[in-house]
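I opened a fresh page for this one and kept my notes in the order I looked things up. Here is the structure, and then the entries.

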Amino acid sequence: MKRSRLDIHREEDRSIAERDLSFAPISLRIDDEQVNREDRSMSMTLVTEAGVDAYDWETGDIIREVLLVSGMEWPKQVPLLDSHNRYSTSGALGSIREISKSNNTITARAFFSSKESAVEVFNDVADGHIT
């Protein structure tokens with residue numbers, strides 16, 4: 001998912017800044033009814049426009065981060081990474097596909113690899129241990 005815009009709203013000045021989000025974390029919500037154990041996939045809400053507190057590496061401040069769904073672009077498929085680890089293929093758990101936008105929400109389907117480490121993570125997520 002190409003995420004190229006971040007709006008930062010600081011209470012003290014209400015300024016808005018643009019940033020490259022290639023390494024920013026994504027918060028997700030799992031739809032329990034959409035878990036398919038046969039193909040190790042699940043439906044997820046990847047992004048909403050609800051703001052979250054985030055650490056600003058440039059200033060050291062905690063800021064309110066809002067991802068604007070209207071400005072998002074994504075490819076057909078993106079890697080599903082363990083802890084955003086993109087430095088090795090061992091961190092790849094599968095892929096995110098069927099990405100779609102509705103209102104102010106981005107949803108997708110996560111497909112977990114058949115390798116043992118990915119199956120373990122899938123089971124923990126599907127069982128509600130990892131949220």
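**Confidence first.** I began with pLDDT, the predictor's confidence in each residue from 0 to 100: the protein averages 79, and 76% of the residues score at least 70. I then marked residues 1-27, where pLDDT is below 50. Even so, beyond near neighbours in sequence, that stretch has 70 contacts in the model, a contact being heavy atoms within 4.5 Å.

**Ground rules.** I am working with a predicted model, so local features need pLDDT of at least 70 and side-chain atom pairs count only at pLDDT 80 or more, while totals for chains, interfaces and linings use all residues. My residue numbers run from 1 along each chain as its sequence is written, and side-chain values use heavy atoms, with hydrogens and water left out.

**Fold.** I found one helix and eight strands, taking helices (H or I, at least four residues) and strands (E, at least two) as DSSP runs numbered from the N terminus. Along the sequence I read the pattern β-β-β-β-β-β-β-β-α. Of the contacts with a separation of 6 or more, 47% are between residues 24 or more positions apart.

**Surface and burial.** I noted an accessible surface of about 8400 Å², with 46% of it belonging to carbon and sulfur atoms. The areas come from the Shrake-Rupley method with a 1.4 Å probe, and for residues only the protein chains shown count as cover. Of the 131 residues, 31% count as buried; here buried means under 20% relative accessible area, exposed over 50%, and partly exposed in between (1.4 Å probe, protein chains only).

**Core.** Which residues have the most contacts inside the largest nonpolar core? I wrote down Met42, Leu46, Val47, Ile96, Ile106, Ala110 and Phe112, out of 20 residues in that core. The elements that each supply at least two residues of this core are strands E3 (41-48), E6 (78-81), E7 (92-102) and E8 (105-112), and helix H1 (116-126). My criterion for a nonpolar core was a set of buried Ala, Val, Leu, Ile, Met, Phe, Trp, Tyr and Cys residues joined through side-chain atoms within 4.5 Å. As a general reminder to myself, nonpolar side chains tend to be buried together in soluble globular proteins.

**Ile96 and Lys76.** I followed Ile96 outward from the core list. Not counting residues up to four places away in sequence, Ile96 touches Met44, Leu46, Lys76, Gln77, Val78, Pro79, Leu80, Ala108, Arg109 and Ala110. Lys76 caught my eye there, as a residue in the loop between E5 and E6. Is Lys76 buried or exposed? Lys76 counts as exposed, because its relative accessibility is 78%. Leaving aside neighbours within four places, Lys76 is in contact with Ile96, Arg97 and Glu98. I also checked the spacing of Lys76 and Glu98: they are 22 residues apart in sequence and 7.2 Å apart in space, C-alpha to C-alpha.

**Salt bridges.** I counted two salt bridges, each a side-chain nitrogen of Lys or Arg within 4 Å of a carboxyl oxygen of Asp or Glu.

- The side chains of Arg37 and Asp127 meet at 2.4 Å, N to O. Arg37 lies in the loop between strand E2 (29-36) and E3, and Asp127 in the segment after H1, so this pair ties together parts that are 90 residues apart in sequence. Arg37 is partly exposed at 47% relative accessibility, and Asp127 is partly exposed at 43%.
- The side chains of Arg64 and Asp53 meet at 3.0 Å, N to O. Arg64 is in strand E5 (residues 62-66) and Asp53 in strand E4, eleven residues apart. I have Arg64 as partly exposed at 37% and Asp53 as exposed at 56%.

**Nonpolar patch.** On the surface I found a nonpolar patch of about 440 Å² made by Tyr55, Trp57 and Ile62. Patches are made of residues with over 30% relative accessible area and no salt bridge, with like charges joined within 9 Å and nonpolar side chains (Val, Leu, Ile, Met, Phe, Trp, Tyr) within 5 Å. Tyr55 belongs to strand E4 (residues 52-55) and is partly exposed, at 42% relative accessibility.

**Backbone.** Last, I looked at phi. Ser83 has a positive phi of about 55 degrees although it is not a glycine, and His84, also not a glycine, has a positive phi near 60 degrees. I placed Ser83 in the loop between E6 and E7, and His84 lies in the loop between E6 and E7. Ser83 counts as exposed at 63% relative accessibility, while His84 counts as partly exposed at 39%.
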